[in-house]
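The following account is meant to be read with the sequence and the coordinates open side by side. Please move from the whole chains to the individual helices and residues as the text proceeds.

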Amino acid sequence: MSHLRSMILISPELLLVLTALSLLLLDFLVRRKGTLAVAGAAGIFISAYVNYRLIKVGMTGGTIQGMFAFDGYANFFKLIFYTTLLLTILLSVKYLAIEKISAGEYYSLLIFSTVGMMIMAAATDLLMLYLGLELMALSTYILAGIVRGDRRSNEAALKYFFLGAFSSAFLLYGITLVYGLTGSTNLREIASALHSLKLAESPITMLSLIFFITAFGFKIALAPFHMWAPDVYEGAPTPVTAFMSAGPKAAGFAVMGRVLFDVFGGLQMQWSIILEPLAILTIAVGSIIALSQTNIKRMLAYSSIAHAGYALIGIVIGTPEGFVSTMNYLMIYMIMNMGAFGVVIMLKREGFSGENLEDYAGLAKRHPVASALMLVFMFSLTGIPPTAGFIGKFYIFMEAVYAGHIYLVIIAALFSAVSAFFYLRVVMYMYMKEPAGDISLSTSKTAGIALAFAVIMVLVIGVFPSLLLNFARNSFFG
Amino acid sequence: MPGTFIPSNYLPIIIICIFATIIGLSPLLIGSLLRPRRSYRQKLLPYESGNEPIGEPRYKFSVKFYIVAMLFVVFDVEAVFLYPWAVAYDKLGIFGFVEMMMFIFILLIGYIYAWEKGALDWE
């Protein structure tokens, strides 16, 4: 019976895999590629609904010999991944037609990558975690290079692949050391072995902790390991960039939270000391270098680095409440970032990239709705109330102050003010400059739905912050 | 270090590795110590069944071989997984059967995909 229970608990993932596989074959059968997006979205909705039903009937606990957990923590992150995936698909439909990207592979790779992230968030065994991470990473490497004729896309894929493979090696070193110390890859068994054998102070434990932080730091683009992010984000097709800056980043935080809290919970002082300078450096690097960017995708890449730094503050604090504020922040960041990228995607048309800041000049005169949306997302990324971005930063800073990290908050708030320059510069270009030439948007119904959803969520969370925060809190503790 | 986990189950593997290295290297080492060193052109030429070599061994070959090689690796790994499953079939029972069928099903879809995409056509 336990096998059957395992199968039921991983059925959302299995359904997604089935959807991805059928999309691959459906690509040969249907002529109109929009059908694939609809079929993919239907599969994702079914999987998400099954997941929701499983939560409703009270299914919880571990499966597959303790390798996989179906708990509130995993489910919160799965909601982030499902939303990212759906928004990406909605935003991609037009872009795929313009760039002539093969739709079947594209959608199925997106779904495979999401399955990898879901496995990461739910993994309670280091090997399962590694498996999920590789599934996610390998799919995103291909997605980054899916525009085969474009040199920059190829460069992005190659860079991402090399540095990603490098970071996987760090993760494996960490896993090996922990296995050598404790004889187990199960997170709970490792934690109890570290405790009972009094290995917490051992230098090898510290070394493996550093390896883990390095590997996860690569995935979420923390400051000394962020070098790949701007080039990859710029070169990859824009919907893929949007997907990469939201999904894999949240997945990196999910595994980081679980490993740090469950395995190295006794070493909280030590990892806080390691992560604190990383958080400051990440915020500083992201905010300062973004000031000089004229390519909007590159600017959003540095912005995404800075936001990873803000989210990291919740982990630096080291309290469960702190991590709840990180989860809250990740959800908010995902929505507003997808929205901002959604507007960038709309500027793309045949033979015109729409990625330069100058392309936004006078956008408000020609397309007031799109400009207003961009305005809201830029305000939210800056952290101006009543948008969700303000709420995310507010809770993180509040928890940090409670935990006594006052100077960390001061530094973060200062850089947050710096970041207002490059976010509001986009707004300035849109509203205060004269249009340089012909600006036409490649609008579509699907992109409209995605942007409407994003903007409504940004405003709703901004006005009723407790909805999301309580959900995050219940997911973490419940 | 006291209390450190020592994976004693893996001891035979380490011993095999050590012995394999010794057995592999020792003939080369003994040969290099014992053999006379008299080299001339014919002896240093690459061995091509006694003929004079024609051209360089490095030349460009079609990129299509990559696809063939990739497909080969995929189905090679499938075979590698099938052997231990077949040997332990009695112990794994119906669960192992279902899992292996899922594995083969996923590969089957990959196979159909590769076929339809024309990866198996040389031209």
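In this predicted model, helices H12(A) and H18(A) are roughly parallel to each other, because their axes cross at roughly 15 degrees, and an angle under 35 degrees counts as roughly parallel. The two elements comprise residues 268-290 and residues 406-432 of chain A, respectively, and their axes come within 8 Å. H12(A) passes H18(A) in a left-handed crossing. On the side of H12(A), the contact is made by A:Glu276, A:Ile280, A:Ile283, A:Ala284, A:Ser287, A:Ile288 and A:Ala290, which meet A:Leu408, A:Ile411, A:Ala412, A:Phe415, A:Val418, A:Ser419 and A:Phe422 in H18(A). Sorted by class, this contact has 11 nonpolar, 2 polar and 1 charged residues.

A second helix pair in chain A can be examined in the same manner. Helix H4 (residues 72-99) packs with helix H19 (residues 445-463) at an angle of about 145 degrees, and the axes are 7 Å apart. The crossing of H4(A) and H19(A) is likewise left-handed. H4(A) contributes A:Leu87, A:Leu90, A:Leu91, A:Val93 and A:Lys94, while H19(A) contributes A:Thr446, A:Ala447, A:Ile449, A:Ala450 and A:Ala454. By class, 8 nonpolar, 1 polar and 1 charged residues form the contact of H4(A) with H19(A).

These pairs belong to a chain whose secondary structure comes to 20 helices and 2 strands. Is chain A, with 478 residues, in agreement with a compact globule or at odds with it? A compact globule with 478 residues would have a radius of gyration near 23 Å, and the 21 Å of chain A agrees with that value. Along its principal axes, the C-alpha trace of chain A spans about 70 × 55 × 40 Å. Buried residues make up 56% of the chain. Among contacts in chain A with a separation of 6 or more, 79% are accounted for by residues 24 or more positions apart.

Helix H10 of chain A illustrates such burial at the level of a single element. This helix covers residues 228-235, and 7 of its 8 residues are buried, so H10(A) is largely enclosed by the rest of the structure. The buried residues are A:Trp228, A:Ala229, A:Pro230, A:Val232, A:Tyr233, A:Glu234 and A:Gly235. What covers them includes helix H6 (126-144), helix H7 (151-182), helix H11 (238-263) and helix H13 (296-317) of chain A.

Within H10 of chain A lies A:Val232. A:Val232 has 30 other C-beta atoms within 10 Å and is therefore buried, since 20 or more suffice for that class. Leaving aside residues up to four places away in sequence, A:Val232 touches A:Ala144, A:Ala156, A:Lys159 and A:Tyr160. A:Phe471, by contrast, is 239 residues from A:Val232 in sequence and 33 Å from it in space, C-alpha to C-alpha.

The loops of chain A contain several backbone features that merit attention. Most residues other than glycine have a negative phi, and most peptide bonds are trans. A:Ala221 has a positive phi, near 60 degrees, and is placed in the loop between helix H9 (203-220) and H10 of chain A. A:Ala221 is buried, with 30 other C-beta atoms within 10 Å. A:Lys100 also has a positive phi, near 55 degrees, and is found in the loop between H4 and helix H5 (103-122) of chain A. A:Lys100, however, counts as exposed, because it has 10 C-beta neighbours inside 10 Å and the class admits 12 or fewer. The peptide bond from A:Pro385 to A:Pro386 is cis, with omega near 5 degrees. A:Pro386 is placed in the loop between helix H16 (368-382) and helix H17 (388-402) of chain A.

Chain B remains to be considered. The secondary structure of chain B comes to 4 helices and 0 strands, in the pattern α-α-α-α along the sequence. The radius of gyration of chain B is 24 Å, well over the 14 Å that the globule rule gives for 123 residues, so chain B is more spread out than a compact globule. Its C-alpha atoms fill a box of roughly 65 × 60 × 30 Å along the principal axes. Of the 123 residues of chain B, 0% count as buried.

How values were computed: Residues are numbered from 1 along each chain as its sequence is written. Chains are lettered from A and ligands numbered from 1 in the order in which they are written. This is a predicted model: local features need pLDDT of at least 70, side-chain atom pairs count only at pLDDT 80 or more; totals for chains, interfaces and linings use all residues. Axes are lines fitted to C-alpha atoms, for helices over the stretch in contact, and angles run from 0 to 180 degrees between N-to-C directions. Angles under 35 degrees count as roughly parallel, over 145 as roughly antiparallel, 65 to 115 as roughly perpendicular and the rest as oblique. A crossing is left-handed if the near helix is turned anticlockwise from the far one by less than a right angle, and right-handed if clockwise. Two residues are in contact if their C-beta atoms, placed from the backbone, lie within 7 Å. Ala, Val, Leu, Ile, Met, Phe, Trp, Tyr, Cys and Pro count as nonpolar, Asp, Glu, Lys and Arg as charged, and the others, Gly among them, as polar. The radius of gyration is taken over C-alpha atoms; the globule rule is 2.2 Å times the number of residues to the power 0.38.
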